[in-house]
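Student: I'm new to this one. Can you walk me through it?
Tutor: Yes. Have a look at it and then we can start.

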Amino acid sequence: MDKEICLILKNDLDEVCGYILCAKDLKVYEKNAYPYYLTLKELDEVKAERFPNANRELERFYPEYPAHIHIDILKEYTGNGVCSKLMQALFEVLKEEKVPGICVLVDTNNKRAVRFYEKMGFKAFEENPGIMLCKLD
């Protein structure tokens with residue numbers, strides 16, 4: 001059983017203003033998320049189809065980049081370095097767990113997100129720039 005990682009960003013009022021969700025093992029994540037996928041499929045067939053297709057895209061990178069992340073930070077809390085600190089904290093946890101790399105799907109139209117991932121050491125996959133990869137050394 002994979003232990004997913006959740007790092008939460010809170011403001012001075014102890015309110016959640018962002019998070020990073022990370023599955024150390026994409027294949028275990030898919031297995032655990034399958035019930036969610038079935039529920040989503042009942043609610044919205046179009047969105048549900050994105051789930052297995054996106055993860056199939058990532059499978060070819062699995063041996064070197066088994067971890068998969070999702071980040072969501074309220075816009076007013078970006079640009080001040082806290083997102084980078086949150087990502088660095090995740091890197092440290094994954095290195096301790098001997099996870100060799102991370103993959104993420106990113107909307108290439110979201111230039112701010114792309115720049116952030118690049119700043120953090122992620123590189124876009126040439127054939128599909130919506131897939132970004134980061135080796136953890």
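Tutor: A definition to begin with: buried means under 20% relative accessible area, exposed means over 50%, and partly exposed is in between, with a 1.4 Å probe and protein chains only. Helices (H or I, at least four residues) and strands (E, at least two) are DSSP runs, numbered from the N terminus. With those terms, strand S4 (residues 101-105) is mostly covered, since four of its five residues are buried.

Student: Where does the model come from, and how are residues numbered?
Tutor: The model is predicted, so local features need pLDDT of at least 70 and side-chain atom pairs count only at pLDDT 80 or more, while totals for chains, interfaces and linings use all residues. Residues are numbered from 1 along each chain as its sequence is written, and side-chain values use heavy atoms, with hydrogens and water left out.

Student: Back to S4. Which strands pair with S4?
Tutor: Two strands pair if DSSP finds at least two bridges between them. Strand S3 (residues 67-73) pairs with S4 in the parallel sense over two bridges, and Ala67 stands opposite Ile102 there. Between S3 and S4 the chain passes through helix H3 (residues 82-96), making a right-handed β-α-β crossover. Right-handed here means that, with the strands pointing away from the viewer, the path from the first strand over the helix to the second runs clockwise. Strand S6 (residues 128-135) is antiparallel to S4, with five bridges joining them; one partner pair is Cys103 and Leu133.

Student: What about S1 and S2, parallel or antiparallel?
Tutor: Antiparallel, over six bridges. Leu9 stands opposite Gly18 in S2. Five residues lie between the strands of this hairpin, and Asp14 takes a positive phi near 65°.

Student: Which S1 side chains are buried?
Tutor: Ile5, Leu7 and Leu9, which point to one face. Cys6, Ile8 and Lys10 point to the other face and are not buried.

Student: How many residues are in the largest nonpolar core?
Tutor: The largest has 28 residues, and those with the most contacts inside it are Ile69, Met87, Leu90, Leu94, Tyr117 and Phe122. A nonpolar core is a set of buried Ala, Val, Leu, Ile, Met, Phe, Trp, Tyr and Cys residues joined through side-chain atoms within 4.5 Å. H3 gives the largest share of this core, six residues.

Student: What does Leu94 touch?
Tutor: Leaving out residues up to four places away in sequence, Leu94 touches Ile5, Cys22, Lys24, Ala67, Val99, Ile102 and Leu136. Contact means heavy atoms within 4.5 Å. Apart from the largest core lies another, of eight residues, including Leu26, Cys103, Phe125 and Leu133.

Student: New topic. How many disulfides are there?
Tutor: Zero, where a disulfide is a pair of cysteine sulfur atoms within 2.5 Å. For Cys22, the nearest cysteine sulfur is that of Cys103, 9.1 Å away.

Student: And why is Cys83 not bonded to Cys17?
Tutor: Because the sulfur of Cys83 is 8.6 Å from that of Cys17, its closest cysteine sulfur, which is too far for a bond. Cys83 counts as buried, at 12% relative accessibility.

Student: Last one: is Ser84 buried or exposed?
Tutor: Ser84 is buried, with a relative accessible area of 13%. Ser84 is found in H3 and touches Phe116, Lys119 and Met120, not counting residues up to four places away in sequence.
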